[in-house]
Amino acid sequence: MYTIGTHMSIAGGLAKTAENVVKMNADTMQIFSRNPRGSSYKTYLPEEIERFQKIRKDHAFGPVLAHAPYTMNLASATEKTYEFACTVIREDIRRMDELQIENLVFHPGSHTGIGEEAGIANIIRGLDQAITGSENITVLLETMSGKGTEIGYQFEQLKEIRDGVQHPERIGICLDTCHVFAAGYDIVHNLDGVLEEFDRILGLPLLRAVHLNDSMMPFDSRKDRHAVLGGGEIGLEALLNVMRHPKLKDLPFYLETPLDDAGHKDEIARLKEYLGETRSEHI
């Protein structure tokens, strides 16, 4: 049984979003922890949270994934930018943990010229001021494409971050298929080799989630442009091979393809057909 979700808007509230997940015949969801292009966030009333939790439980949702905002750069050397990032990650770990959301993923950041080592040191310091060790939530470092001065496009960089923090037990990894392909990991022709390398450097037990995206840009392009499944350079068969792989098939998969809810509903239905799962209508 595969766990497939997609990125969902929470503009209508958490409970409404969970209802939409069920209507889409999805198994879980990814949401932004706050406004992805700003700093604002909603405070939910207890009744809203209770409805959200009931829907999750009644429909046996897989792990819910929260995504930190794109405006957050924990690798930055600019004081104002870095302080904002530290505040956001600290607040959002607490807020998402209170909602019993299992995982919070974030883009490690861009060093913007200070160098990878200095950027990684900033990320480690930022995580240490945010993670107490008493949380239930796991913070996921996302594999990146390597555009510009991005950190996280090499498995070794992610290992260095996790090894450096005070509470590595609260840190996991989210693998984005578009990003690793663009970063030069050949998941099309050598998926086993990529997973062996991941296991050797980081350890496969650290892999908690997969962002399932095709890539508009070619292999090793170091450019991040998501495509619909089967509409890019990775291709549908290679993405299905990712999902079917014995070492990955039990993980939750989250679509971040450039489609609306109707498009994502169709994409999920097609995936389940290809994977041999029968369709079933919920509410």
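Which residues does the UniProt annotation "domain: Xylose isomerase-like TIM barrel" cover? According to that record, an unreviewed entry, the domain covers residues 20-273. Keep in mind that what we have here is a predicted model.

Over residues 20-273, the chain is 39% helix and 16% strand. The C-alpha atoms at the two ends of that stretch are 20 Å apart.

Now to one pair of helices. H1 runs over residues 14-23, and H2 over residues 46-58. How do they pack? The angle is about 20 degrees, and the axes are 8 Å apart. Angles under 35 degrees count as roughly parallel, so H1 is roughly parallel to H2. The crossing of H1 past H2 is left-handed.

Which residues make the contact? From H1, they are Leu 14, Ala 15, Ala 18, Glu 19 and Val 22. From H2, they are Glu 48, Arg 51, Phe 52 and Ile 55. Sorted by type, the residues of this contact are 6 nonpolar and 3 charged, with no polar ones.

Two of the residues in that contact, Glu 19 and Arg 51, deserve another look. Side chains of opposite charge can pair when their charged atoms come close. Here the side chains of Arg 51 and Glu 19 form a salt bridge, at 2.8 Å from N to O. Where do the two partners sit in the chain? Arg 51 is in helix H2 and Glu 19 is in helix H1, 32 residues apart, so to speak of distant parts of the chain being linked is fair.

How many salt bridges does the structure hold? The count is 13.

Definitions and conventions. Residues numbered from 1 in each chain as written. Predicted model: local features only at pLDDT ≥ 70, side-chain atom pairs only at ≥ 80, totals over all residues. Heavy atoms only, no water. Axes fitted to C-alpha atoms, helices over the stretch in contact; angles between N-to-C directions. Helix = DSSP H or I, 4+ residues; strand = E, 2+ residues; numbered from the N terminus. Parallel < 35°, antiparallel > 145°, perpendicular 65-115°, else oblique. Left-handed = near helix turned anticlockwise from the far one by under 90°. Contact = heavy atoms within 4.5 Å. Nonpolar A, V, L, I, M, F, W, Y, C, P; charged D, E, K, R; others polar. UniProt positions renumbered as here; feature names shortened; annotations may be inferred. Salt bridge = Lys/Arg side-chain N within 4 Å of Asp/Glu carboxyl O.
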